[in-house]
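Work through the exercises below with the sequence and the 3D structure in view. Try each task before reading its solution.

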Amino acid sequence: MDTPRKMVKLNINTFDGVIVKNDENYLVKDNTKLKNLVVSSTLLHPFRKTRGHSHEGQEEVYYFTHGSGKMIIDEQEFNVSAGDMVLIEDNEYHRVLNDTADYLQFFCVFNGNRKNSS
């Protein structure tokens with residue numbers, strides 16, 4: 001007899017996770033309930049930016065839920081706001097900039113484990 005699957009439901013307003021970074025730029029939490037994917041929440045403070053990075057062998061999906069700002073992927077810069085989803089391919093350099101007085105919140109889903117900090 002199969003063991004019933006335990007459902008894990010997350011809410012973006014009460015996202016639970018392990019704090020992996022909390023400084024003057026942002027608060028980053030990872031939910032590691034899954035074996036092959038990490039779901040991460042980032043709250044980027046006003047007029048701040050992520051440090052920027054790339055991951056060899058790792059794709060990511062960013063989903064913006066609050067605020068607006070800019071995203072850089074390789075040499076391309078574009079506007080992002082709540083409701084936008086950005087697909088980041090393997091080894092693409094990416095960075096998020098919050099150029100407003102409001103918080104910018106986004107969620108990231110990536111395979112494997114955290115290779116670099118957001």
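**Exercise 1. Locate D74 and describe its backbone and surroundings.**

Step 1. D74 sits in the loop between β5 and β6 (76–81); strands here are DSSP runs of E with at least two residues, numbered from the N terminus.
Step 2. The phi of D74 is positive, about 50°, although D74 is not a glycine.
Step 3. With a relative accessible area of 37%, D74 is partly exposed. The scale calls a residue buried under 20% relative accessible area, exposed over 50% and partly exposed in between, using a 1.4 Å probe and protein chains only.
Step 4. The C-alpha atoms of D74 and N91 are separated by 9.4 Å, and the two residues are 17 apart along the chain.

Two notes apply to every exercise. The model is predicted, so local features need pLDDT of at least 70 and side-chain atom pairs count only at pLDDT 80 or more, while totals for chains, interfaces and linings use all residues. Residues are numbered from 1 along each chain as its sequence is written, and side-chain values use heavy atoms, with hydrogens and water left out.

**Exercise 2. Find where F47 lies and state whether F47 is buried or exposed.**

Step 1. F47 belongs to the loop between β3 (37–44) and β4 (60–66).
Step 2. Its phi is near 55°, a positive value in a residue other than glycine.
Step 3. F47 counts as exposed because its relative accessibility is 57%.

**Exercise 3. Give the strand order in the sheet of three strands.**

Step 1. The order is β6-β5-β8, in an open sheet with antiparallel pairing. Two strands pair if DSSP finds at least two bridges between them.
Step 2. β6 and β8 each have a single partner strand, so one side of each is left without a neighbour in the sheet.
Step 3. From one strand to the next, the twist averages 25°. Such angles run from 0 to 180 degrees between N-to-C directions, with axes fitted as lines to C-alpha atoms.
Step 4. Four bridges join β5 and β8 in the antiparallel sense. I73 has H94 in β8 as its bridge partner.

**Exercise 4. Do the same for the sheet of six strands.**

Step 1. This open sheet runs β1-β2-β3-β9-β4-β7, and its pairing is antiparallel.
Step 2. β1 (18–22) and β7 (85–88) are the edge strands, each pairing on one side only.
Step 3. The twist averages 20° from one strand to the next.
Step 4. Strand β2 (residues 26–31) pairs with β3 over six antiparallel bridges. D30 stands opposite S40 in β3.

**Exercise 5. How many salt bridges are there, and which residues form a salt bridge?**

Step 1. Apply the rule: a side-chain nitrogen of Lys or Arg lies within 4 Å of a carboxyl oxygen of Asp or Glu. The count comes to one salt bridge.
Step 2. D99 and K70 form a salt bridge, with their closest N and O atoms 3.9 Å apart.
Step 3. The pair links distant parts of the chain, 29 residues apart: D99 is in the loop between β8 (94–97) and β9 (104–111), and K70 is in strand β5 (residues 68–73).
Step 4. D99 is partly exposed at 40% relative accessible area, and K70 is partly exposed at 24%.
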